[in-house]
Amino acid sequence: MATASGAEALNFIDGRWVAGTSAQVAAVFNPATSEVLASVPLAEAADVTKAIEAAAAAFPAWRRTPPQARIQYLFKYRRLLEEHAEEIARTITQEHGKTLAEARAELQRGIENVEVACGIPTLMQGYNLEDVASGIDELMIRQPLGVTAAITPFNFPAMIPLWFLPYAIACGNTFILKPSERVPLTARILIDLLNQTGIPSGVISLVVGAKPAVDVLLRHPAVRAISFVGSTPVARYIYAEGSAHGKRVQCQGGAKNFVVVMPDADLDMTARIVADSAFGCSGQRCLAISAAITIGDAGTKFQSAVMDIATRMKVGNGLEDAVQMGPVISPASRQRIEGLIDQGLKAGGKALLDGRVAKAKADSSFVNPTILTDIGPDKALTTTEIFGPVLTLDSADDLDQAIEILSRSAYGNAASIFTTSGNAARKFRYEAPAGNIGVNIGVAAPMAYFPFSGWKDSFLGVLHGQGRDAVDFYTDKKVVIERWPKEWSRKF
Ligand code: NAD
């Protein structure tokens, strides 16, 4: 969408596409080809303020729209998302780099959140009790908050906005999306399709910007709730600043996810699933396994099976059919990942598979699958989020020691175990300090009707995204205590 002046109109405010007023422009590019896809003017304070004012103005009528009527827009939205699935998936692949299959899968996960939010007339119900004292009844009802906003990362351009948007509006709030400025083209389609349902102006807005845009959302008094997904340092900032300005805030942060491989596991199957988790989406999933701890004699066979898969992975442009792994998001990200690999090797680690591309061009975003050993549980790389296709292998004497190693991580997004022992699985589920646990699962991603949990530095807040937590997050509970004495009633 280009404006009359030729600038990209990526902000959707008060039911219209408008170009940002800022002179600051971000280039959106395809990390597989380095081609520039769009030049995006970044929203500044005035743009975001307009979006908040439009959202605040739309709130009273939207909140009065019956939940059953509100979800009719979501039913239409779901159909439009499915009809445009291929266009959305291609856009994700182009601006993010992941394969088309991965892009289709993330969209499907996003659509599932729209489906769950269509249950709002049931999910949003409160509860009540007659005669809490003689002739006195008490009820709890949920009411929407007002203007809500989500600030989302680059790695799931469609799915992560949809962790929040459907629930927020189904509950009767208005909603502003501030996507990653690195992947705004998918967000533009998401908002355009929702607009096509005929949803009233101001109920949804899109502002594409960076920190200055976020700061307005964090400080404006009309914004009641902020959802954030991204790195932990930014999560901390958003949580502190948003809370200081009286907002309800939920922040999903970074991750470092471990898998424990028991000697009784089916090691070929385990290696396939772990390799898919570690290298899928080029390791840029917050639920990606990035550190494996093998127990006893599992090590040798697991290592050779995972090496075999990683060595044969076809890396390239995600739009091509046979490609199994795309680039990382940017040349800067490639350099950061290469630097961390280097740091691990300098600290005594060994590269079983070194994915750094010798003499990579300055504008290349490609890192191949990398497997490192002998990093040691105490070394920085074992606890640092790499967010690239790098798997470290470590070993432990037993499950207790493995849980002790992963417990030292500051993060607690996910942890998995592969085993055929119910007892080991139960112990792991019981003791591992992470919010999403996989038992013989590589990417422990909760379905839309479960909370997307996350512990320690991977989550700041109380209520998580998705499912019933989302309904609690996007509503205020109101308790009404009523007495209607007979003697006060008019006689008919
Ligand atoms: P990021 O923290 O750089 O950016 C996330 C969002 O915050 C973007 O919209 C960005 O514009 C904005 N932002 C960046 N710096 C800011 C600042 N200083 N002030 C205010 N806003 C700022 O994250 P990213 O690189 O886009 O995404 C990768 C990170 O996200 C990884 O750490 C990954 O683990 C994490 N992540 C976590 C989850 C989860 O569920 N826990 C899911 C996906 C991604």
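**Around the ligand**

Tutor: The shell around the ligand in this predicted model splits into 15 nonpolar, 10 polar and five charged residues. Residues are numbered from 1 along each chain, and side-chain values use heavy atoms, without hydrogens and water.

Student: What makes a residue nonpolar, charged or polar?

Tutor: Ala, Val, Leu, Ile, Met, Phe, Trp, Tyr, Cys and Pro count as nonpolar, Asp, Glu, Lys and Arg as charged, and the others, Gly among them, as polar.

Student: How many residues surround the ligand, and which are the closest?

Tutor: There are 30, and the closest are Lys178, Glu181, Ser231, Gln252 and Glu385. To be near, a residue needs a heavy atom within 4 Å of the molecule.

Student: What makes the pair at Glu385 a polar contact?

Tutor: The term means a pair of N or O atoms within 3.5 Å; within protein, one must be able to donate a hydrogen and the other to accept it, and residues adjacent in sequence count only if both atoms are side-chain atoms. A ligand oxygen is 2.5 Å from an N or O atom in the Glu385 side chain, so the pair fits the definition.

Student: Why does the ligand lie between two domains?

Tutor: Because domain 1 (11-253 + 458-479) and domain 2 (257-439) both give residues to its shell. Those bounds come from an automatic or database domain assignment.

Terms used
This is a predicted model: local features need pLDDT of at least 70, side-chain atom pairs count only at pLDDT 80 or more; totals for chains, interfaces and linings use all residues.
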